[in-house]
Amino acid sequence: MTLDKALIAVLIMALVTYIPRSLPIAIFRREIKSLYIKSFLKYVPYAVLGALTFPDIFSSTGNLISAICGTLVALWLAYREKSLVIVASCAIITVYITGLII
Amino acid sequence: MKNKTDFIHGLKQGMPIAMGYVPVSFTFGLMAVAGGLPAWLAFVISLTNLTSAGQFAGTNLIIAGAGYLEIALTTFVINIRYMLMSLSLTQRLEKGMTLAKRLMVAFGVTDEIFTVASMEKGKLSFPFMMGLIIGPVIGWSGGTLLGAVISTALPESLSGAMGIALYAMFIAIILPQAKKSRAVIIIVLIAVAITCMLKYFPLFKSISSGFRVIIATVTGAGIGAFLFPIRDE
């Protein structure tokens, strides 16, 4: 792909990423009254993050064993409510070290 | 005064996201340059897209020389989930926010920014949202540039290890909340079970990763809302 074409593709990507973000916020202003829909929307973030993380985390490093070790460390530190940065960097370090050993 | 304190509070809340974005976007920068794209283009992608899975997939397609339509569709499908988040945010934004401000807030709807905003108590003001968004934007685009520029100097074992950063961050967001709520644990487990089923069951092989996330989210949050309706604020 030429650079011109790549740049156009990038702009298209930016556009189709922005549309789903902006449409509901721009158009929808009413307060939702339904208890069911309100609860549904509150539970969305947890369901999204769960679906994004598992099982893809196990193929994120190119090696299943190092990915499992990284995941366990992340789970343990997150359970102890460590910050995002600590959890992410310790998972990286764990994967790196496990990768060196195996 | 309230505007200023809101903005600063947003900045503080956004800092962990910004820091967490660095290793992930760093990996993206590495990948883009390794695939033959110039460093500045990788930077532009992160600055204009501000998304993880969507831009990783889109950039892979650019590198592979795919057509515009395929790139547009793939990126769009992966990012449709933002509609749910954006819709959820409409219920939390301060009343009377102008359209222009709403459109600026919309640009910053990412999985992490949305989740952190959702955990805030009360209505979300425009200064708070801007403060929350600005750090992650800098972390995401800056990390990309860094990765793109020093890509050649880094051993492969280390760049491979960075692939886990994004997911570790997701875990760090969910788990503290799941500890407090049985409903959250069950919803996460349902969403994960459905994703696994769609991914590994041969019948569903043709479903793209973007649709997998949407189906799992709608089912998980849908069952959760039915079993555990949240009575009040």
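This is a short talk on a predicted model with two chains, A and B.

Let's start with chain B. Chain B has 12 helices and 0 strands. Read along the sequence, then, every element in the pattern is an α. How compact is chain B? Its radius of gyration is 19 Å. The globule rule gives 17 Å for 233 residues, and the two values are close, so chain B is as compact as a globular protein of that length. Along its principal axes, the C-alpha trace spans about 55 × 50 × 35 Å. Buried residues make up 52% of the 233 residues in chain B.

Next, contacts within chain B. Take the pairs at least 6 apart in sequence. Of those contacts, 76% join residues at least 24 apart.

Now chain A. Here we have 4 helices and 0 strands. From the N terminus on, the order is α-α-α-α. Is chain A compact or spread out? The radius of gyration is 20 Å, and the globule rule gives 13 Å for 102 residues. The value for chain A is well over that, so chain A is more spread out than a compact globule. The C-alpha trace of chain A spans about 55 × 50 × 20 Å along its principal axes. Buried residues make up 52% of the 102 residues in chain A. Apply the 6-apart filter to chain A too. There, 40% of the contacts join residues at least 24 apart.

On to how the chains meet. How many residues of chain B are in contact with chain A? The count is 85 residues of chain B, against 65 residues of chain A. Which element of chain B gives the largest share? That is helix 10, residues 165-180, with 13 residues. What classes of residue make up this side of chain B? There are 54 nonpolar, 25 polar and 6 charged residues.

Keep helix 10 in mind, and look at the core. The largest nonpolar core has 108 residues. The residues with the most contacts inside it are Ala47(A), Val87(A) and Ala168(B). Domain 1 and domain 2 of chain B both give residues to this core, so the core lies between them. Look up Ala168(B) in the structure. What does Ala168(B) touch, leaving aside its neighbours within four places in sequence? Its contacts are Gly70(A), Ala74(A), Val87(A), Ala88(A) and Ala91(A).

Now the domains themselves. Chain B is divided into domain 1, residues 2-161, and domain 2, residues 181-227. Their centres, taken over C-alpha atoms, are separated by 23 Å. How many residues are in contact between them? 5 residues of domain 1 are in contact with 7 residues of domain 2. On the domain 1 side, helix 4 (68-79) and helix 5 (81-90) each supply at least two residues. By class, that side has 4 nonpolar, no polar and 1 charged residues.

Stay with helix 5 of chain B. 8 of its 10 residues are buried, so helix 5 is largely enclosed by the rest of the structure. Among the buried ones are Arg81(B), Tyr82(B), Leu84(B) and Met85(B).

Compare a residue in domain 2. Ile185(B) sits in helix 11, residues 182-200 of chain B. Is Ile185(B) buried or partly exposed? Ile185(B) has 17 C-beta neighbours inside 10 Å, so it counts as partly exposed. Its C-alpha atom is separated by 40 Å from that of Tyr68(B). Those two residues are 117 apart along the chain.

Last topic: backbone oddities. Most residues other than glycine have a negative phi, and most peptide bonds are trans. Here are three exceptions to look up.

One is in the peptide bond between Phe54(A) and Pro55(A). That bond is cis, with omega about 5°. Pro55(A) lies in the loop between helix 2 (35-53) and helix 3 (64-79) of chain A.

Next, Glu81(A). Its phi is positive, about 60°, although Glu81(A) is not a glycine. Where is it? Glu81(A) is in the loop between helix 3 and helix 4 (84-101) of chain A. Glu81(A) has 11 C-beta neighbours inside 10 Å, so it counts as exposed.

Then Leu50(B). Phi is near 45°, again positive in a residue other than glycine. Leu50(B) is in the loop between helix 2 (39-49) and helix 3 (53-64) of chain B. Is Leu50(B) buried or exposed? With 25 C-beta neighbours inside 10 Å, Leu50(B) counts as buried.

That's the tour. Thanks for listening.

How values were computed: Residues are numbered from 1 along each chain as its sequence is written. Chains are lettered from A and ligands numbered from 1 in the order in which they are written. This is a predicted model: local features need pLDDT of at least 70, side-chain atom pairs count only at pLDDT 80 or more; totals for chains, interfaces and linings use all residues. The radius of gyration is taken over C-alpha atoms; the globule rule is 2.2 Å times the number of residues to the power 0.38. A residue is buried if 20 or more other C-beta atoms lie within 10 Å of its own, exposed if 12 or fewer, and partly exposed in between; C-beta atoms are placed from the backbone. Two residues are in contact if their C-beta atoms, placed from the backbone, lie within 7 Å. A nonpolar core is a set of buried Ala, Val, Leu, Ile, Met, Phe, Trp, Tyr and Cys residues joined through C-beta atoms within 7 Å. Domain bounds come from an automatic or database domain assignment. Ala, Val, Leu, Ile, Met, Phe, Trp, Tyr, Cys and Pro count as nonpolar, Asp, Glu, Lys and Arg as charged, and the others, Gly among them, as polar.
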